[in-house]
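Work through the exercises below with the sequence and the coordinates open beside you. Each task sentence is followed by a solution that proceeds step by step.

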Amino acid sequence: MTWRIALQLALSGLSVGSIYAIVALSLAIPFKASRILNFAQGELVALGAYIGLVLTSYGLPYAAMVPATLVIAAVFGVLLERAFIRPIVGAPEFTLVIATFAIGLIIRALIRIHWQDNTFFLPAPYAGPALAVGPLRVNPAYLVIIGSTAVLVGLLVLFFRRTRLGKAMRAVSFNQTAARLMGISVGTVFGSAWALSAAIGALAGLLLAPVIGINPEIGHLIVKALIAAVIGGFGSLGGAVFGGLLLGLLETYSGALFGAAFKEIVPFGILIAFLLARPQGLWGATQVRV
Amino acid sequence: MSGAHKLFLALAASLALIASVTFAAAPAASEQGITGDTITIGAFGPITGPAAYIGLAGRDGAALAIKEINAAGGINGRKVEMIFEDDGHSPAKALAAVKKLVDEDKVFALFCVAGSNGTIGTIDYVKEKGIVMFVSFASAPGVTWPFAKNLFRGGTTEVPRYGELYAEYLVDGIEAQKIGIISGREEYPKNEGDALTKQLQKWYEIKPAKRVEFNIGDKDFTPQLLEMQQANPQVIAFFGNPAEAAIAMRQARELGLNQPFFVGSNMVDQGLLTAAGPAADGVSGFALIPLVPNSSDPAMKAWRAKWSAEYPNLPAGRPNTFDILAYADVYVLAEALKAAGKDLTSASFIDALENLHDYRVGAIASPRTFAKNHHIGNLRLQPMQVKNGEWVQIPWEGKRPSDILKRYQ
């Protein structure tokens with residue numbers, strides 16, 4: 001393998017990994033706040049893409065469509081949390097997992113009722129011919145994906161460190177009872193976490209749509225995002241990003257070096273290795289049960 | 001005669017009367033799926049998942065044909081009803097769908113608009129049950145070879161025929177000696193890649209310059225394309241689904257691979273152009289129908305108008321090749337059902353299908369011919385190329401005689 005090929009593969013792996021990272025982030029945020037793993041997150045990715053499709057069909061320009069989609073998705077996230085999650089928030093983990101799984105299936109079924117499994121395409125203004133960067137060729141859509149991930153991570157860092165709501169989310173994630181005693185509205189934090197998570201999921205859908213098209217399965221990468229979150233450490237935002245990028249790179253290089261079959265084997269092999277050797281992930285905190 | 005005897009005779013006479021009336025009204029009641037006024041056909045294909053573009057089109061094309069046939073009075077006084085099941089492009093789900101259609105819904109015959117992946121899961125069961133299955137899209141060899149009396153293949157052809165045509169076109173037609181193959185790991189694209197590899201070796205003693213595989217639903221083809229770049233073939237043959245091919249073609253151009261692409265027959269369709277955009281220019285392949293769905297030929301324009309009136313809200317890329325194949329194959333079934341007569345049975349239906357010769361519903365479809373010794377309805381494919389964003393026919397015709405039918409003799 002030449003250096004040029006190795007670098008081209010790295011670029012490709014980072015692009016794929018960035019999408020895993022965004023979806024892993026959207027999984028980690030509500031988990032951090034409420035300890036609920038949202039198995040409907042893949043469908044929220046799909047929903048974002050379809051909201052963008054509908055808004056575009058009504059003639060909304062791309063620059064207005066993106067923020068409008070994120071706002072609509074955030075509102076949907078709040079409604080989801082209030083209507084379905086909060087009433088069962090104290091239920092056993094298994095019940096919560098099944099509930100989010102069911103919500104995902106319902107969203108996907110509702111999408112299918114109207115659009116079926118036809119593939120739609122969402123044009124993006126940045127789509128165009130590849131850019132030459134030295135010996136490398138770069139798809140502008142992939143640059144936007146990588147750039148968006150970097151910007152999103154920066155904004156989330158600022159949000160969690162500088163804003164009252166962000167600090168409240170961190171406090172709730174450390175100790176709900178103490179946070180409540182300090183006057184923090186845990187319910188507001190939960191709702192905000194789901195809103196943020198749904199908006200980030202929708203962003204992933206909008207970024208993916210010009211590259212692979214829109215259909216109800218666009219969010220199926222939830223499994224890879226889960227693996228990324230496990231690698232990085234569930235609840236660690238930096239870990240989710242690192243896990244996503246690492247997974248994207250490993251998948252791409254293993255496919256190039258050992259064949260397509262290994263693209264499927266490697267992620268799950270890594271997952272099992274982490275679960276056996278370091279179940280808390282690279283940056284996750286070890287939990288001691290007493 | 002005692003009272004008991006009189007009562008017995010009266011009861012027997014009543015039963016005989018009821019039976020005679022019942023059987024007169026439904027002469028073919030012994031065949032499942034047939035009543036005095038309906039023929040029930042069970043259909044299945046993928047309407048969810050990565051191959052939904054074939055199943056949705058298969059279902060819609062078939063439904064349009066059935067609606068027209070029923071509006072014209074049905075078949076020998078009976079209306080056609082279709083029960084459709086999703087197979088999710090999975091052999092196991094396809095088998096479950098077929099078992100439901102045959103054992104619970106009691107359909108008369110099966111109309112398969114599944115891909116090869118789903119179809120192969122059903123073949124053993126269909127052979128065991130002896131029910132007629134008419135396969136519209138799947139090219140998997142097992143449908144028609146080894147020969148089974150109750151299995152028919154309509155619009156598509158047997159995959160070794162793809163291998164013959166592809167090899168001859170690539171080597172004699174565009175004079176390529178170095179051929180790269182990228183194929184999916186599922187049944188249909190793997191079969192196409194294997195058939196091309198085998199035929200290149202058999203007829204020309206050429207081995208592919210490089211053959212690489214991918215997983216169904218892959219979104220990144222950089223590793224495969226970099227291998228192609230190193231092998232530097234004159235043409236890249238790609239076998240998979242249009243969404244995958246579109247990504248691969250765009251990425252190929254981004255990586256500086258300027259070789260022409262050749263694609264499997266399932267992709268010679270508007271759907272690929274919608275997905276790939278300008279990256280599809282120069283792509284060639286063989287169409288299963290003589291006119292592509294967006295053709296400006298009057299026959300296709302008229303058919304498209306009918307289809308659009310029935311399905312006004314479907315996305316760009318529809319109707320596609322599979323809408324037309326299913327539509328045309330339902331008319332093939334209808335023609336045979338009509339010829340089988342009012343006393344319809346599976347045996348008379350098979351006999352009528354085997355006597356169809358060069359039947360087609362119109363210029364939008366290829367003619368279908370079946371025989372007593374083989375059930376491959378179509379051996380003709382139309383070479384096409386993308387020029388200025390549209391599929392156009394190319395004036396090339398294979399000269400080598402096909403070996404496919406020899407094994408049936």
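**Exercise 1.** Determine how many residues of H2(A) are buried.

*Solution.* Begin with the criterion: with C-beta atoms placed from the backbone, a residue is buried if 20 or more other C-beta atoms lie within 10 Å of its own, exposed if 12 or fewer do, and partly exposed in between. Applied to H2(A), this criterion finds 13 of the 17 residues buried, so the helix is largely enclosed by the rest of the structure. Helices (H or I, at least four residues) and strands (E, at least two) are DSSP runs, numbered from the N terminus, and H2 of chain A covers residues 41-57. Next, compare its length with the expected span, which is 1.5 Å times one less than the number of residues: from first C-alpha to last, the helix reaches 24 Å, close to the 24 Å expected. Finally, look just past the helix, where A:Gly59 takes a positive phi of about 90 degrees.

The model is a predicted one, in which local features need pLDDT of at least 70 and side-chain atom pairs count only at pLDDT 80 or more, while totals for chains, interfaces and linings use all residues. Residues are numbered from 1 along each chain as its sequence is written, and chains are lettered from A and ligands numbered from 1 in the order in which they are written.

**Exercise 2.** Establish how S6(B) and S7(B) run and how the chain crosses between them.

*Solution.* Strands pair if DSSP finds at least two bridges between them; here five bridges join S6 (residues 179-184) to S7 (residues 210-214) of chain B, and the two strands run parallel. One of the bridge partnerships links B:Ile182 to B:Val212 in S7(B). The chain then passes from S6(B) through helix H7 (residues 187-204) of chain B to S7(B), a β-α-β crossover that is right-handed, meaning that, with the strands pointing away from the viewer, the path from the first strand over the helix to the second runs clockwise.

**Exercise 3.** Describe the surroundings of A:Gly166.

*Solution.* First locate A:Gly166, which lies in helix H6 (residues 164-174) of chain A. With 18 other C-beta atoms within 10 Å, A:Gly166 is partly exposed. Then list its contacts (C-beta atoms, placed from the backbone, within 7 Å): leaving aside neighbours within four places in sequence, A:Gly166 touches A:Phe159, A:Phe160 and A:Arg161. As a last step, take the C-alpha separation from A:Gly166 to A:Ser192, 26 residues apart along the chain, which comes to 9.4 Å.

Note on methods. Two residues are in contact if their C-beta atoms, placed from the backbone, lie within 7 Å.
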